[in-house]
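Okay, thanks for coming, everyone. I've got one structure to walk through today, so let me put it up on the screen.

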Amino acid sequence: MSNPIIVIGSGFAAYQWVKSFRKLDQQTTITLVTADQGADYSKPELSHVFSRHQQATDLIKQTATEFAAEHNIELITETVINEINTAQQWVYFNQQQLHYSSLIIATGATSFIPKFAGNATNKIITLNSLSELQQNQSQINAAKHITILGAGLIGTEIAIDLATAGKKITLCDKAAAMMPALLPEFIAVELHQILSQKNIDLQLNATISEINTDGEQLIISQQGQEDIHTDIIIAAMGLAPRLQLAQQAGISTNRGIIVNNMLQTSATNVYAIGDCAEINGKISAFIQPIMLSAIALAKTLAGTPTPLSLPPMLIKAKTPWLPLSLAGITTAMDIHWQIERDHDGYIAKAHTADQTLIGFIASHNKQKQVFALLRQLPLHYKYT
């Protein structure tokens with residue numbers, strides 16, 4: 001009997017690969033090992049739970065047992081892989097070696113938290129997984145004032161959700177504008193105004209010096225600005241790919257686990273997908289590129305080698321006060337913007353000097369036009 005395909009991780013990337021592979025191959029043995037409970041859930045919905053008055057369990061689509069039964073896999077939960085041996089093709093866990101034919105590393109990423117000074121940095125919480133929501137939901141529900149560190153996409157989504165649920169919110173970022181990796185200044189300014197009108201306290205250009213406790217509260221000290229007194233601090237400052245296992249195995253890493261366009265790492269028969277994988281020097285922690293990676297790798301391991309090809313990706317911001325969808329290049333300095341606005345919202349089109357459409361942002365009801373716009377973006381433009 002041949003060795004199984006082993007998958008490490010049970011997030012969206014891992015489960016999307018299993019679903020895609022089983023459509024092509026129902027027989028090959030798959031063993032999936034995960035450090036958590038292994039429930040199949042929708043991670044983007046983590047940004048909505050408080051305004052919808054949901055519990056963490058409401059996000060679960062299938063338990064680990066149900067997922068394993070439907071897709072005919074061996075699923076080992078709450079288990080940490082201790083070692084990968086790429087020369088002999090085995091992984092070590094629970095005091096046993098298990099050999100693989102192919103290995104997929106889908107260990108995801110953790111929320112990045114800088115090393116702040118102060119005695120309360122261990123009290124910063126994150127909401128990057130179902131288990132983190134389960135651990136922290138009752139504490140968040142009881143809080144009156146919540147401070148969110150990071151005014152990028154996830155931090156802004158969480159801030160709006162918690163404000164909608166009736167919490168007093170402070171949103172901090174060292175950047176000078178909101179969502180700087182995605183939005184041009186003119187839209188970031190509009191989003192800033194809307195959040196301010198909804199009584200979210202926005203503190204940009206903020207440099208945090210230390211975080212300390214003061215009785216039941218936390219105090220965030222900032223350079224040149226007043227201290228923030230808050231009940232809870234949530235970090236949404238970006239993701240740090242989990243690299244330790246790959247590094248222990250001698251697999252090449254940079255910011256993420258380096259893979260080629262076949263999703264293969266530097267080790268034979270070892271692949272990486274999802275938030276932990278670095279493709280062409282870039283980590284794409286969005287749903288669409290992860291789904292396309294899972295589909296391509298499923299075809300490859302089912303016998304049809306399929307290189308990953310990433311077209312321009314659509315990003316949908318779950319910001320109901322200013323609904324936005326965007327794609328392509330939207331923050332370069334030399335963009336020429338064409339803006340069409342009416343009572344249904346606006347479409348902002350990004351052009352090069354020679355009038356090539358390289359990106360767009362659509363708001364409100366104009367989002368109905370995004371797929372037509374997406375088809376107009378050049379497929380082979382360097383979207384970095």
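Let's start with a quick one: which ring does the charged end of Lys 198 sit over? It's the ring of Trp 321, and the charged end is 5.3 Å from the ring's centre. Before I go on, keep in mind that this is a predicted model.

Right, on to the aromatics. When you describe a pair of aromatic rings, you give the distance of the centres and the angle of the planes. We've got three aromatic pairs in this structure, and I'll talk about two of them, including this one: Tyr 15 with Phe 67. The ring centres are 3.8 Å apart and the planes sit at 15 degrees; stacked means under 30 degrees, so this pair is stacked. In sequence the two partners are 52 residues apart, so to speak from distant parts of the chain: Tyr 15 belongs to helix α1, and Phe 67 to helix α2, residues 64–71. How accessible are they? Tyr 15 comes out at 1% relative accessibility, so we call it buried. Phe 67 is at 0%, so that one is buried as well.

The other pair I want to show is Phe 186 with Trp 337. Here the centres are 5.3 Å apart and the planes are at 80 degrees, so it's edge-to-face. This one also links distant parts of the chain, with Phe 186 in helix α5, residues 185–197, and Trp 337 in strand β24, residues 336–342, 151 residues apart. As for accessibility, Phe 186 has 31%, so it's partly exposed. Trp 337, at 25%, counts as partly exposed too.

Back to helix α1 for a second, where Tyr 15 lives. The helix covers residues 12–24, 13 residues in total, and spans 19 Å from first C-alpha to last, close to the expected 18 Å. Its buried residues include Ala 13, Ala 14, Gln 16, Trp 17 and Val 18, and further along Ser 20, Phe 21 and Arg 22.

Last stop: Ser 129. Where is it? In the loop between β10 (109–111) and α3 (130–142). At 16% relative accessibility, under the 20% cut-off, Ser 129 counts as buried. A polar atom of the Ser 129 side chain lies 3.1 Å from the backbone nitrogen of Glu 132. And if you skip the neighbours within four places in sequence, Ser 129 is in contact with Tyr 41 and Leu 46.

That's my tour. Over to you.

Methods
Residues numbered from 1 in each chain as written. Predicted model: local features only at pLDDT ≥ 70, side-chain atom pairs only at ≥ 80, totals over all residues. Heavy atoms only, no water. Helix = DSSP H or I, 4+ residues; strand = E, 2+ residues; numbered from the N terminus. Expected span 1.5 Å × (residues − 1). Buried < 20%, exposed > 50% of the residue type's maximum accessible area, 1.4 Å probe, protein only. Phe/Tyr/Trp six-rings, centres within 6.5 Å; stacked < 30°, edge-to-face > 60°. Lys NZ or Arg CZ within 6 Å of the ring centre and 35° of its normal. Polar contact = N/O pair within 3.5 Å; in protein donor to acceptor, adjacent residues only side chain to side chain. Contact = heavy atoms within 4.5 Å.
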